[in-house]
Amino acid sequence: MNFADTHCHLNDEKFSNDLNEVIERAKSAGVNRIINFGDTLESSAAVVELTKKFTGMFAGVGVHPEEISGFNESSVEKIFELAKNEKVVAIGEIGLDYYWEKDSEKRLLQQKIFIEQLKIARQLNLPVCIHEREAHGDALKILKSEGKNLCGVMHCYSGSLEMAREIWKMGWLTGFDGPLTFKNSAKLPEIVKAAPQEMILIETDAPYLAPVPNRGKRNEPVFVVDVAKKIAEIRGETLETVAQYTTQNAENLYKIWRE
Ligand code: NI
């Protein structure tokens, strides 16, 4: 079986001592494609560097809504420059985070910078990985007005089933990770059950959000298999089936092929 961890952050310092072992563990479980996402210009450069060290490793570059202070014209140029690397497969993670940002002017600034980065994706013909927390309405509105001719994923999906249906209708995918396996997973199982196969991606968001049975520990790509197992259980599918279509979906969206 092959799996793709379509969203993680292996540039995080929590991996500085044992990254080789982390990658080995992932590969021995069939997790042979990994996409790391930047959240600042620095971490975006770092995830591009990682692609040079490991096979099956890809990168997304962009500035996270919580990291936008100081974002300017030269930030846009830097993202363009980084995105020219052939193993950069997405713009992300970008989006809106109203959970951490309560100030209405700063929320407007998040929207502006989100839209600017959507434009980069359009110009480079790259898919988009969206971080969206408690900003469901505005995120959907922006995608409808500014997301034309773009494709991508709502990573670590946390919206409603109704919103998910709208996203799928637009051709965008939903990414599921550790929280799906938590006891307080709220509406996620219902959403996973309703999702068309071709709209589901699996991810870890490592080092955060480790799925059960490793909840609370450092997360790593091998645990994406636990997310896939949960999806199989909820949907009454075999793990093989889930592995097959989630990997296919990752290939289709991000154009990642096994090296
Ligand atoms: Ni992330």
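This is a short tour of a predicted model, from a nickel site to one helix and two single residues.

**Stop 1: the nickel ion**

Select the nickel ion and show its donors. They are His 7 (NE2), His 9 (NE2), Glu 93 (OE) and Asp 205 (OD), at 2.2 Å. Now check the angles among the four donor atoms. They run from 85 to 174°, and the site is irregular. It fails the tetrahedral class because that class needs all angles between 85 and 135 degrees.

Trace the donors along the chain next. Their spacing reads H-x1-H-x83-E-x111-D. His 7 and Asp 205 link distant parts of the chain, 198 residues apart. His 7 sits in strand S1 (residues 3-8). Asp 205 sits in the loop between strand S8 (200-202) and helix H8 (224-235).

Are these two donors buried or exposed? His 7 has 0% relative accessibility, so it counts as buried. Asp 205 counts as buried too, at 9%.

**Stop 2: helix H8**

Follow the chain from that loop into H8 and select residues 224-235. Put a distance between the end C-alpha atoms: it is 17 Å. At 1.5 Å a residue, the twelve residues of H8 should span 16 Å, which agrees.

Why does H8 count as largely enclosed by the rest of the structure? Because nine of its twelve residues are buried. Colour them in: Val 224, Val 225, Asp 226, Val 227, Ala 228, Ile 231, Ala 232, Ile 234 and Arg 235.

Then show what covers those buried residues. The cover includes S1 and S8, along with strand S2 (31-37) and strand S7 (173-176). Helix H7 (188-194) and helix H9 (239-254) are also among the covering elements. S1 is the strand that holds His 7.

Step just past the end of H8. Gly 236 is there, with a positive phi of about 65°.

**Stop 3: Glu 251**

Move on to helix H9, where Glu 251 lies. At 14% relative accessibility, Glu 251 counts as buried. Display its contacts, leaving out residues up to four places away in sequence: Arg 33, Ile 256 and Trp 257.

**Stop 4: Gln 111**

Finish in helix H4 (residues 104-124), the place of Gln 111. Is Gln 111 buried or exposed? Its relative accessible area is 18%, and buried means under 20%, so Gln 111 is buried. Which residues does Gln 111 touch, not counting those up to four places away in sequence? Select Leu 96, Tyr 98, Asp 138 and Ile 142.

Key:
Residues are numbered from 1 along each chain as its sequence is written. This is a predicted model: local features need pLDDT of at least 70, side-chain atom pairs count only at pLDDT 80 or more; totals for chains, interfaces and linings use all residues. Side-chain values use heavy atoms; hydrogens and water are left out. Donors are N, O and S atoms within 2.8 Å of the metal (3.2 Å for Na, K and Ca); water is not among the atoms, so sites may look incomplete. Four donors count as tetrahedral if all angles lie between 85 and 135 degrees; four count as square planar and six as octahedral if opposite donors are over 155 degrees apart and all others between 65 and 115; anything else is irregular. Helices (H or I, at least four residues) and strands (E, at least two) are DSSP runs, numbered from the N terminus. Buried means under 20% relative accessible area, exposed over 50%, partly exposed in between (1.4 Å probe, protein chains only). The expected span of a helix is 1.5 Å times one less than its number of residues. Contact means heavy atoms within 4.5 Å.
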